[in-house]
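Thanks for sharing this one with me. Here are my notes, in the order I would go through them at the bench.

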Amino acid sequence: MRRLGKTNLHINPIGFGGIPIQRTSQDIVSDMVDVMLENNINFIDTARLYTNSEAMLGNALIVKRNAFIIASKSPETSYEGMMRDINQSLKELKTDYIDLYQCHNVKKGSHIG
């Protein structure tokens with residue numbers, strides 16, 4: 001495991017990107033989460049823009065949440081928009097916290113804040 005930046009989060013250098021799971025089934029996603037656990041992969045990256053990715057991961061992580069570092073992101077550029085996305089991400093992921101939240105696909109000239 002490696003320390004993630006200057007945080008106290010320790011992750012496997014191999015992580016899981018959640019974009020492809022939007023085209024699969026819940027059973028496959030649940031199996032993938034089990035395989036990640038078996039291989040000590042503990043970092044999952046997803047986003048509000050990945051259609052049902054957060055929801056399927058949330059379903060698969062219900063009893064395994066504490067084994068993973070979850071990152072998600074929002075394309076919103078206003079405080080209100082980002083807060084809406086954060087709250088929706090929390091709901092979809094079925095968790096009360098996200099370890100790392102990022103700005104996603106922000107265009108030049110966008111105002112965040």
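The points below go from the sheet to the helices, the cores and a few single residues.

1. First, a reminder that this is a predicted model. Everything that follows should be read with that in mind.

2. Let's begin with the sheet. It is open and made of four strands, running in the order β3-β4-β5-β6 with parallel pairing. The edge places belong to β3 and β6 (100-103); each has a single partner strand, so one side of each has no neighbour in the sheet. Helix α3 packs on this sheet, where it touches β5 and β6, and its direction makes about 140 degrees with that of β6.

3. Now look at the pairing of β4 with β5. These two strands are joined in the parallel sense over three bridges. If you want a residue to find on screen, take I44: its bridge partner in β5 is I70.

4. How many residues of helix α2 (residues 53-61) are buried? Eight of the nine are, so the helix is mostly covered by the cut-off of under 20% relative accessible area. The buried set is S53, E54, A55, M56, L57, G58, A60 and L61. These residues pack against β3 (16-17), α1 (26-38), β4 (43-45), β5 (69-74) and α3.

5. The largest nonpolar core holds 15 residues, and V33, M36, I44, L57, L61 and F68 have the most contacts inside it. Two elements, α1 and α2, give two or more residues to this core. The largest share, four residues, comes from α2. Another core, of five residues, lies apart from it and includes L9, I11, F43 and I69.

6. L61 is a handy place to see several parts meet. Leaving aside residues up to four places away in sequence, L61 touches V33, I44, F68 and I70. L61 is also one of the buried residues of α2.

7. Next, M82, which sits in helix α3 (residues 79-93). Is M82 buried or exposed? Its relative accessibility is 15%, and since buried means under 20%, M82 counts as buried. Beyond residues up to four places away in sequence, M82 touches S74, E76, Y101 and C103. M82 and Y101 are 19 residues apart in sequence, with 9.9 Å between their C-alpha atoms.

8. Finally, the aromatic rings. The count of aromatic pairs comes to zero. There is, however, a charge to look at: R65 lies over the face of Y97, at 3.9 Å from the ring centre.

Technical notes:
Residues numbered from 1 in each chain as written. Predicted model: local features only at pLDDT ≥ 70, side-chain atom pairs only at ≥ 80, totals over all residues. Heavy atoms only, no water. Buried < 20%, exposed > 50% of the residue type's maximum accessible area, 1.4 Å probe, protein only. Contact = heavy atoms within 4.5 Å. Phe/Tyr/Trp six-rings, centres within 6.5 Å; stacked < 30°, edge-to-face > 60°. Lys NZ or Arg CZ within 6 Å of the ring centre and 35° of its normal. Pairing = 2+ DSSP bridges. Axes fitted to C-alpha atoms, helices over the stretch in contact; angles between N-to-C directions. Core = buried A, V, L, I, M, F, W, Y, C linked by side-chain atoms within 4.5 Å.
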